[in-house]
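Grab a pencil and work through these exercises with the structure open beside you. Each task is followed by a solution in steps.

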Amino acid sequence: MKKVGANMDYDVIVIGGGPSGLMAAIAAGEKGAKVLLIDKGDKLGRKLAISGGGRCNVTNRLPVQEIIKHLPGNGKFLYSAFSIFSNEDIIKFFEKLGIALKEEDHGRMFPVSNKSQSVVDALLTQLEKLHVKVYKNSPVKNVIYENGHVSGVLLKDGQPISTSAVIIAVGGKSVPHTGSTGDGYAWAEKAGHTITELFPTEVPVTSNEPFIRHKSLQGLALRDINVSVLSPKGKAIITHRMDMLFTHFGLSGPAVLRCSQFVVKAMKKWKLSEVMMSLDALPDQTEEQVFQEIVKLVKSEPKKSIKNTLKGFIPERYLLFLLENNGIEPTEQGGTISNEKVRSFAKSCKQFIINVNGTLPLEKAFVTGGGVSVKEIEPQTMASKLMNGLFFCGEILDIHGYTGGYNITSALITGRLAGTNAAIAAKKNRA
Ligand SMILES: Cc1cc2nc3c(=O)[nH]c(=O)nc-3n(C[C@H](O)[C@H](O)[C@H](O)COP(=O)(O)OP(=O)(O)OC[C@H]3O[C@@H](n4cnc5c(N)ncnc54)[C@H](O)[C@@H]3O)c2cc1C
């Protein structure tokens, strides 16, 4: 390897062509650095392209405070980053590249074209304009450090490439067919970094409840309900009001994905093999109101079957299931059902407890929790505090959020800072 700063092959090498690496390479290129972007795949931005249901959820327009709240994994670390390059800056950035964006529910931003490839193509065109060299199909084997400084990278085919700044942007370990196979953690550890425990987040949860095993509710979606994860004492640790879905192995859908990391954390914290989740199908009413309403409906037509009296009260399949679960025959006349049973049915509508025993594995998760400890990263530059010339951005960091553009926002913002500051550091080295 050449001496750091002297006749390097590149000023900055970015490893990984996901949203964080693409943004980092563009930012470094804009600063006039000689940049090489290396990816092991034949396509850049593969995970970005499948985000937001394949329409590319590039960012989110909620206020910064709200975005941070939607990044339960160390979102607060990003406060300084947001003050330098915010979600509004991301929107302006894409508009400058000719990608008009539109806002959808919960502040989610998508390209007007609804085509994720248009976003990826705009980023690639910008790389070209800035003369960023791109190596595809080129897995990096290692990052090389000499005397406390980055000195280059080694490709898997044995080719060494020298540089004075390396940005590790290789993502986490989820959905490995997109290229994110967790290669970067070992390079970070070699530089002295701590990798906090990795775990799946934004992932469906599994359950061994008989009604799940028997697929009684498989395919049923409950809309706009409250889903909670409970502590062993039955207190809600987290509640999300969104849609959810019963599957053949457990629960899925937006509310469940958001709750999933709390299931993982609760199992770990209390050393549990099962955690309770609770479904509130009628979140705008109290249990007493639900009970009184049923009593009133039944009184007005006591001879009618209970399933017909309660038609439309909650989705039909769920209604039949909860009635039977409370020992009520759906065809029974409402007037013959005991108050005790009605009360217990009302309780189930408000708080149906499901024991869950884990999640699908990390590979199936939308996002990887854990990663390079943010305590060892400069929050304004994304520089390593332990190795000169080393920068991190994106999902490899111990930052994770809910789906909805929050992870991509984090990737783009940290990528922007890493790229800009790696270029500045490289220039200093050259001088
Ligand atoms: C199906 C799906 C939907 C999602 N939807 C959303 C959403 O709606 N909102 C949201 O905020 N987030 C969403 N996410 C998460 C989001 O896409 C990621 O957080 C984001 O892509 C992370 O960006 P990144 O640049 O850090 O890493 P990645 O996008 O994972 O990119 C890493 C890149 O590094 C390359 N690489 C890896 N190892 C090497 C190596 N050894 N050498 C060279 N290159 C290497 C890979 O090929 C890859 O191109 C979704 C994820 C999935 C899987």
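**Exercise 1. Count the helices and strands of the chain, then say what share of its residues counts as buried.**

Step 1: the secondary structure adds up to 14 helices and 19 strands. These are DSSP runs numbered from the N terminus, with helices being H or I over at least four residues and strands being E over at least two.

Step 2: out of 431 residues, 55% count as buried. Buried means under 20% relative accessible area, exposed means over 50%, and partly exposed is in between (1.4 Å probe, protein chains only).

Step 3: taken along the principal axes, the C-alpha atoms fill a box of roughly 90 × 45 × 35 Å.

A word on the ground rules: this is a predicted model, where local features need pLDDT of at least 70 and side-chain atom pairs count only at pLDDT 80 or more, while totals for chains, interfaces and linings use all residues. Residues are numbered from 1 along each chain as its sequence is written, and side-chain values use heavy atoms, with hydrogens and water left out.

**Exercise 2. Find the aromatic pair made by Phe 211 and Phe 246, and describe its geometry.**

Step 1: the search of the whole structure turns up eight aromatic pairs. Rings of Phe, Tyr and Trp (its six-membered ring) pair if their centres lie within 6.5 Å; planes under 30 degrees apart count as stacked, over 60 as edge-to-face and the rest as tilted.

Step 2: Phe 211 and Phe 246 sit 6.2 Å apart, centre to centre, with 70 degrees between the planes, and the pair is edge-to-face.

Step 3: now place the two rings. Phe 211 is in helix H8 (residues 210–213) and Phe 246 in strand E13 (residues 236–246), so this pair ties together parts that are 35 residues apart in sequence.

Step 4: check the burial. Phe 211 is buried at a relative accessible area of 10%, and Phe 246 is buried at 1%.

Step 5: widen the view, and you'll see that Phe 211, Phe 246, Tyr 318, Phe 321 and Phe 352 form one aromatic cluster.

**Exercise 3. Which ring does Lys 34 lie over, and which ring has Lys 265 over it?**

Step 1: look for a charge over a ring, which here takes NZ of Lys or CZ of Arg within 6 Å of the ring centre and within 35 degrees of the ring normal.

Step 2: Lys 34 lies over the face of Tyr 10, 5.1 Å from the ring centre.

Step 3: Lys 265 has its charged end over the ring of Phe 262, at 5.4 Å from the centre.

**Exercise 4. Trace the salt bridges of Glu 88, Lys 92 and Asp 243 to their partners.**

Step 1: the whole structure holds 15 salt bridges. A salt bridge is a side-chain nitrogen of Lys or Arg within 4 Å of a carboxyl oxygen of Asp or Glu.

Step 2: Glu 88 meets Arg 61 at 3.0 Å, N to O. Glu 88 belongs to helix H5 (residues 87–96) and Arg 61 to the loop between strand E3 (59–60) and helix H3 (64–69), so the bridge ties together parts 27 residues apart in sequence. Glu 88 is partly exposed at 30% relative accessibility, and Arg 61 is partly exposed at 34%.

Step 3: Lys 92 meets Asp 89 at 3.8 Å, N to O. Both lie in helix H5, three residues apart, about one turn of the helix. Lys 92 counts as exposed at 53%, whereas Asp 89 is partly exposed at 23%.

Step 4: Asp 243 meets Arg 223 at 3.3 Å, N to O. This pair links distant parts of the chain, with Asp 243 in strand E13 and Arg 223 in strand E12 (residues 221–230), 20 residues apart.

**Exercise 5. Which residues come nearest to the ligand, and how much of its accessible area does the protein cover?**

Step 1: there are 35 residues around the ligand, and Ser 20, Asp 39, Ser 180, Asp 183 and Glu 395 come nearest. To be near, a residue needs a heavy atom within 4 Å.

Step 2: pick out polar contacts, meaning pairs of N or O atoms within 3.5 Å; within protein, one must be able to donate a hydrogen and the other to accept it, and residues adjacent in sequence count only if both atoms are side-chain atoms. An N or O atom in the Ser 20 side chain is 2.7 Å from a ligand oxygen atom. A backbone N or O atom of Tyr 406 is 3.1 Å from an oxygen atom of the ligand.

Step 3: the protein covers 96% of the 1,000 Å² of accessible area that the ligand has on its own. Accessible areas come from the Shrake-Rupley method with a 1.4 Å probe; for residues, only the protein chains shown count as cover.
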